[in-house]
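The following exercises concern one protein chain and are to be worked with the sequence and the coordinates at hand. Each task is followed by a stepwise solution.

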Amino acid sequence: MNLKRIALVSLCALALSSAFAQTEKPDALKLYNSGNFRDAISVCEDELALNPNNMESYTVLCWALVANGQYLEAETRAQEARRINSYDVRIIEVLGEAKYYLGKLEEALSLFQRYVSSVPENAGRLGKVYYLMGEIYINQARYEHADISLTMAVRLEQNTALWWSRLGYAREMTKSYSSAIAAYDQALVLNPQLRDASNGKLRCQSHLR
């Protein structure tokens, strides 16, 4: 093969590669994971227009809607998805999130309970679900339940200061002051500026004097 032919083949390969790159379908999950929620929503909507039963598209769509603060739309689309497959745990979870942020706490709690009973302990969103359950229990003044849920949350994801602080608060409300201080201390290790944790620790210490 002469040099001109080699050069021509190389140019053709480069052109094909460029054309493929330009026509490659955008990945909604990658867009969601990179924080580009609006584009993720748009891609999922296009996918669902082509295949209205695509549960993968529904899942990423609802995640992106919740992340973008579009809770009512997320609730609506998740309910649509459940009419296709009511057992998909991803949709159960994200519908719970949407209802939580809409203030529908009892409905959210029921969905979260179903989720945690259906997934293994390495499920990616399990820590957040336990945290949200803990917040619901605090709202309901069910502080021992909140302690259990928030303990699970921080066991699964140990580096979120807010979760440790809320665990401290739940324990404080049950008058378990020493264990509350331990939780507040961990929150302050992660975020020394977290005022709720420092104030909570001081309150608990005043009960132990």
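**Exercise 1. Lys-175 and Ala-141**

Task: Determine whether Lys-175 is buried or exposed, and describe its backbone and its place in the chain.

Solution. Step 1: Lys-175 is exposed, because its relative accessibility is 64% (buried means under 20% relative accessible area, exposed over 50%, and partly exposed in between, with a 1.4 Å probe and protein chains only). Accessible areas come from the Shrake-Rupley method with a 1.4 Å probe, and for residues only the protein chains shown count as cover.

The model is predicted: local features need pLDDT of at least 70, side-chain atom pairs count only at pLDDT 80 or more, and totals for chains, interfaces and linings use all residues. Residues are numbered from 1 along each chain as its sequence is written, and side-chain values use heavy atoms, with hydrogens and water left out.

Step 2: Lys-175 is not a glycine, yet its phi is positive, at about 65°.

Step 3: Lys-175 sits in the loop between α10 (161-173) and α11 (177-190). Helices (H or I, at least four residues) and strands (E, at least two) are DSSP runs, numbered from the N terminus.

Step 4: Ala-141 is another non-glycine residue with a positive phi, near 60°. Ala-141 lies in the loop between α8 (126-139) and α9 (143-156) and is partly exposed, with a relative accessible area of 46%.

**Exercise 2. Overall make-up**

Task: State how many helices and strands the protein contains, and describe its burial and surface.

Solution. Step 1: The protein has 12 helices and zero strands.

Step 2: Of its 209 residues, 41% are buried.

Step 3: The accessible surface is about 11900 Å², and carbon and sulfur atoms account for 52% of that area.

Step 4: Contact means heavy atoms within 4.5 Å. Among contacts between residues at least 6 apart in sequence, 48% join residues at least 24 apart.

**Exercise 3. The largest nonpolar core**

Task: Identify which members of the largest nonpolar core touch the most other members, then examine two of them through their contacts.

Solution. Step 1: A nonpolar core is a set of buried Ala, Val, Leu, Ile, Met, Phe, Trp, Tyr and Cys residues joined through side-chain atoms within 4.5 Å. The largest one has 64 residues, and Phe-112, Tyr-115 and Met-133 touch the most other members.

Step 2: With neighbours within four places in sequence left aside, the contacts of Phe-112 include Tyr-100, Val-129, Leu-132, Met-133 and Ile-136, as well as Glu-93 and Glu-97.

Step 3: Tyr-115 belongs to helix α7 and is buried at 5% relative accessibility. Its C-alpha is 6.0 Å from that of Val-89, although the two residues are 26 apart in sequence.

Step 4: Not counting residues up to four places away in sequence, Tyr-115 touches Val-89, Ile-92, Glu-93, Ala-123, Arg-125, Leu-126 and Val-129.

Step 5: Arg-125 lies in the loop between α7 (105-116) and α8 and is buried, with a relative accessible area of 18%. Outside its neighbours within four places in sequence, Arg-125 is in contact with Tyr-32, Trp-63, Glu-93, Glu-97 and Tyr-115.

**Exercise 4. The loop between α9 and α10**

Task: Locate Gln-158 and Thr-160 and relate each to residues distant in sequence.

Solution. Step 1: Gln-158 is in the loop between α9 and α10, and Thr-160 lies in the loop between α9 and α10.

Step 2: Gln-158 is 31 residues from Gly-127 in sequence, with 9.4 Å between their C-alpha atoms. Residues up to four places away aside, Gln-158 touches Trp-164 and Leu-190.

Step 3: Thr-160 is partly exposed at 25% relative accessibility. Its C-alpha is 7.6 Å from that of Ala-187, 27 residues away in sequence.

**Exercise 5. Cysteines**

Task: Establish how many disulfides are present and describe the setting of Cys-44.

Solution. Step 1: A disulfide is a pair of cysteine sulfur atoms within 2.5 Å; the count is zero.

Step 2: Cys-44 is in no disulfide, and the nearest cysteine sulfur, that of Cys-62, is 8.7 Å away.

Step 3: Cys-44 is buried at 0% relative accessibility, and Cys-204 is buried with a relative accessible area of 0%.
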